[in-house]
Amino acid sequence: MRFFSRPKKNGAWLAMVPQRDGIAAASVAAGAGIAAGKPAVMVASFFPGSGGADASGAATLERAGKELHSGDYRCTTVLAGGDYQLMSAEAPNVPRDELKTAMRWRLKDILDFPVDEATFDVLDIPVDRNAAARPQQSVFAVAARNSIVKARQQLFTQAKVRLSAIDIPEMAQRNVSAMLEQDGRGVAMLSFGEDGGLLTVSWRGELYLSRRIDVTLALLLDPDHERKHQAFDKITLELQRSLDHFERQFSFISVAKLVLAPTSASGLDEYLSGNLYTRVETLDLATLFDLARVPDLADAAVQQRFFVALGAALREEGAA
């Protein structure tokens, strides 16, 4: 499957995401859509092969880079769910320029590996600006083993693709979720992939909650009715606990709805609608993006394939 048009060199992001059976690549152009206000998907191409951090994976990535003319873009990639840890913690009471150093000491007691072997960053969790008393500032700490980050960098080096940034799925999902926010209310989003389920809650374009759910996309697509509905029960219980916890912790944020990212799995939306108090919607990427250049993305299974890559391609920051 290859459906893309070559853009001019304009600083756009090209997200190249390794999967078990290949590389999913996507690029988005703001304001380029035929439909008013919709960003246009300019690239959505899948390159079958190995998605591993080995010679075979490098060969697949190199082929993708050549065919997509990766030199015309800033390239980003996304770590797999098991490649990093994302933790929320109270921010140390230090000046902003000392925060990362201070968090290194705090991470010594949190990480399941030595902090000296970690590459990490810190993300703010904005507080309630209207609170009577100043609330305690919290942050997300994202940490990965140096060896994992180095392996991903080496994969791109071997493939002769210049890598500008490494992202995580939570940020990619946050980017899509932010496009769904309305009336100043938060949005919960639930996606499924090879690594399992990912629940996020965003508000005003910021990530406030992340929870992993141990249910893979393959299990949702299982034809066995009993196994699938056991998975539905597990998802529902985790959602109830997570959303109740979120409501207690962030009472100043009203969650408008739970949005299911595309999966092509049947029955989950109806099941959740009947068992959650939160309104449930299933996302069609055509409501957010102009897909005129990539008509195959009308299919839900294809949308699932490119969901993380498209979210990563929505980066607004400069090259990292």
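**Entry 1: E281 and K257**

I looked up E281 and found a relative accessible area of 27%, so I wrote E281 down as partly exposed. The model is a predicted one. E281 forms a salt bridge with K257, and their closest N and O atoms are 3.4 Å apart. I then checked where the two residues sit: E281 is in strand β14 (residues 280-282) and K257 is in strand β13 (residues 255-260), so the bridge ties together parts that are 24 residues apart in sequence. Is K257 buried or exposed? K257 is buried, at a relative accessible area of 8%.

I also noted a network here. Salt bridges with shared partners join E62, K66 and K160.

**Entry 2: other salt bridges**

I asked how many salt bridges the structure holds. The count is 12.

One of them pairs K234 with D214, with 3.7 Å between the closest N and O atoms. This pair links distant parts of the chain, 20 residues apart: K234 belongs to helix α6 (residues 225-249), while D214 is in the loop between β12 (206-213) and α5 (217-220). I looked up accessibility for both partners. K234 has 42% relative accessibility and counts as partly exposed. D214 has 61% and counts as exposed, because the cut-off for exposed is over 50%.

Another salt bridge joins D222 and R227, whose closest N and O atoms are 2.9 Å apart. D222 is buried, with a relative accessible area of 13%. R227, at 42% relative accessibility, counts as partly exposed.

**Entry 3: the nonpolar cores**

Next I turned to the nonpolar cores. The largest has 37 residues, and I wanted to know which of them touch the most other members. They are L190, I235, L239, L258 and L272. Several elements give two or more residues to this core, among them the strands β8 (138-145), β10 (186-193) and β11 (196-203), and the helix α7 (268-275). Helix α6 gives the most, with 6 residues.

I picked L258 for a closer look. Leaving out residues up to four places away in sequence, L258 touches A188, M189, L190, L199, L239, L272, L276, T278, R279, V280 and E281. I had already met E281 as the salt-bridge partner of K257. I had also met L190, L239 and L272 in the list of core residues that touch the most other members.

A second core is separate and has 31 residues. I noted V187, V259, F289 and L291 as being included in that second core.

Definitions and conventions:
Residues are numbered from 1 along each chain as its sequence is written. This is a predicted model: local features need pLDDT of at least 70, side-chain atom pairs count only at pLDDT 80 or more; totals for chains, interfaces and linings use all residues. Side-chain values use heavy atoms; hydrogens and water are left out. A salt bridge is a side-chain nitrogen of Lys or Arg within 4 Å of a carboxyl oxygen of Asp or Glu. Helices (H or I, at least four residues) and strands (E, at least two) are DSSP runs, numbered from the N terminus. Buried means under 20% relative accessible area, exposed over 50%, partly exposed in between (1.4 Å probe, protein chains only). A nonpolar core is a set of buried Ala, Val, Leu, Ile, Met, Phe, Trp, Tyr and Cys residues joined through side-chain atoms within 4.5 Å. Contact means heavy atoms within 4.5 Å.
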